[in-house]
Amino acid sequence: MRVLWEKEVSTDDIVVSPRPVWKCRACPMYGKRPSCPPHVPDWREARDWVSSFKRALLIKFEIDYNNFEVEKRKALIYLLKREEELFKEGKMYAMALFPGSCNLCDYCPFEQGEPCRMPTKVRPSIDAIGIEIGRLVRIDFSESVLYGMVLIE
């Protein structure tokens, strides 16, 4: 995993709608991970929440799709570290958003109805709360990339 870029965006430019959430319903992880619907705030609540921030940090990760789970986990850990750094800078409400379902653990007990092992680390996915990432970046499906976000202040 390699960070290609980080850029700040105004939350006025972030569109939150039901469309990405409906797309989540076609995902095999739907309802199985704590970062996915229906275990995250619905898009209406998320829209209000996102609008309470002024800025967000959008991060583009290059990953090796042949090693997808490991590469994605590295991206999630990076997002959590950026969130922590921003918190330490005084942005106490900074909050990371994952690119897709959480995969911090090799084995997810949540999928078997057991408690999450990392409830203080798991974050909602960008799509799960209705953020239309395609309104912020040009999606090029020939690239091996993921997008993450940290809401800043």
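I took helices (H or I, at least four residues) and strands (E, at least two) as DSSP runs, numbered from the N terminus. The model is predicted, so I kept local features only at pLDDT of at least 70 and side-chain atom pairs only at pLDDT 80 or more, while totals for chains, interfaces and linings use all residues. Residues count from 1 along each chain as its sequence is written, and side-chain values use heavy atoms, with hydrogens and water left out.

**Helix α3**

I looked first at what comes after α3, and found G90 with a positive phi, near 100°. For the length of α3 (residues 68-88), I set the expected span, 1.5 Å times one less than the number of residues, against the model: its 21 residues should span 30 Å, and the end C-alpha atoms are 30 Å apart, which agrees. Its buried residues (under 20% relative accessible area, 1.4 Å probe, protein chains only) include A75, L76, L79 and L80. I noted that the buried residues of α3 pack against β1, β2 (55-62), β3 and β4, with contact meaning heavy atoms within 4.5 Å.

**The sheet**

I then traced an open sheet of four antiparallel strands in the order β1-β2-β4-β3, where strands pair if DSSP finds at least two bridges between them. β1 (2-10) and β3 (95-97) each have a single partner strand, so one side of each is left without a neighbour in the sheet. Between β3 and β4 (residues 145-151) I found three bridges, and L97 stands opposite M149 in β4.

**Contacts of L151**

Which residues does L151 touch? Leaving out those up to four places away in sequence, I listed contacts including I14, W49, F53, Y93 and L97.

Note on methods
Buried means under 20% relative accessible area, exposed over 50%, partly exposed in between (1.4 Å probe, protein chains only).
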